[in-house]
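I sat down with this one to work through its fold, its sheets and whatever space is left inside. These are my notes, in the order I looked things up.

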Amino acid sequence: MKFQVKPLLKTVSLLAIVGLALAGCGKAADKQPAANPATDNKNTAAVTPASGNLLEQIKKNGKIKVGLMGTYAPYNFLNDKKEVDGYDADIAKTVAQKLGVQAEFITGEFSGLIEGLQKEKYDVLISQVTITEDRKKTMDFSIPYIKNSVNVVVKGDNNTIKAIEDFKGKKIGVGLGTNDEKYLRETAMPKVGNFEIATYNDVITSLTDLNVGRIDATINNMFALKPLIEKNKLNLKAVGAPIKEDFAGVATRKNNPELVEAINKALNEMKTDGTLKQIHQKWFGVDPSF
């Protein structure tokens, strides 16, 4: 901007203008909010501070960010339209509907889901996260929304492995970061003796390796394995009785009691109105067993 002033008043006028400008800048600066690293980054604009009410923020945003694998059919996977589908997806959509919001799915490898939850990449995890006392130390869970039975799985022509007691000296595949991996390391191995553990980021690769003999066995629940085995025409079979039963719940960050309470209310309504049974029948062909 160009100012026109008389020669005799030039110096005084300029000083006055500068003074006013500085004063104005000072007032503007005083009104600026303090920097907030949780919101200043446009990629994390919707992130809620740990002390905030996450449920209120979710409702304000109109969506709940759901973390899941997207590679674990029939629980959660990408369908022919490249949309997240499956049992977990249907549970998430129904819970979101009862909260009055939309479910936004964000996929990732299971080994990184829990870390992503802590870093606020997700609001919740609905990806067959088994409820354990150890995990309860770092996250909160809803009531269970499914019970899974875990079996030993081997090649169709394998008659030497019939239970975990036969794992000694063998190579056993398991999902990386899963409760099944923890079970193999902390329960099975001390019980039966040393064996090699091969970890995988997706189920189909472990089954393929088992089918061609790169590993001797794996453990997983048959709800997950049966459709993959049939679809890919793998020569695999489950042996023995289930080695354990697990319950999965909706996982959230610690200290969000309002959100946990709202999710529990939604799940209880789904049990009462038959929605949970319908979803279970849709994907597994049987009623829930809990």
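What follows is my run from the whole chain down to the cavity.

**Entry 1: the whole chain.** I noted at the outset that this is a predicted model. I counted the secondary structure and got 10 helices and 11 strands. Then I checked burial: of the 290 residues in the protein chain, 42% are buried. For the surface, I have about 15800 Å² exposed, with carbon and sulfur atoms supplying 52% of that. I also looked at contacts with a separation of 6 or more, and 73% of them join residues 24 or more positions apart.

**Entry 2: the small sheet.** I went to the open sheet of 3 strands and wrote down its order as 2-3-4, with antiparallel pairing. Which strands sit at the edges? They are strand 2 (71–72) and strand 4 (84–85), each pairing on one side only. Between strand 2 and strand 3 (residues 76–78) I found 2 bridges. One residue pair I jotted down here is T71 with its bridge partner F77 in strand 3.

**Entry 3: strand 7.** Next I picked strand 7, residues 139–155, and asked how many of its 17 residues are buried. I got 12, so I have it down as mostly covered, taking buried as under 20% relative accessible area. Its pairing with strand 11 (residues 236–253) is antiparallel and runs over 13 bridges. In that pairing, M139 has R253 of strand 11 as its bridge partner. Strand 7 also pairs with strand 10 (residues 217–221), again in the antiparallel sense, over 4 bridges. There I marked N151, which stands opposite N220 in strand 10.

**Entry 4: the cavity.** I searched for enclosed space and the structure gave me 1 cavity of 30 Å³ or more. Its volume comes to about 360 Å³. I listed 26 lining residues, and those nearest the centre are Y72, Q128, T178, D180 and N220. N220 was already in my notes as the residue opposite N151.

Which element gives the most to the lining? Strand 10 does, with 4 residues. I also noted the elements that supply at least two residues each, among them strand 7, strand 11, strand 8 (171–175), helix 6 (179–192) and helix 7 (203–212).

Last, I sorted the lining by class: 10 residues are nonpolar, 12 are polar and 4 are charged.

Notes: Residues numbered from 1 in each chain as written. Predicted model: local features only at pLDDT ≥ 70, side-chain atom pairs only at ≥ 80, totals over all residues. Heavy atoms only, no water. Buried < 20%, exposed > 50% of the residue type's maximum accessible area, 1.4 Å probe, protein only. Pairing = 2+ DSSP bridges. Contact = heavy atoms within 4.5 Å. Areas by Shrake-Rupley, 256 points an atom, 1.4 Å probe, with all protein chains shown as cover. 1 Å grid on protein atoms, 1.4 Å probe; cavity = no way out; pocket = protein on both sides within 12 Å on 5 of 7 lines; lining within 4 Å. Points joined across faces, edges and corners; volume = space filled by probe spheres on them. Nonpolar A, V, L, I, M, F, W, Y, C, P; charged D, E, K, R; others polar.
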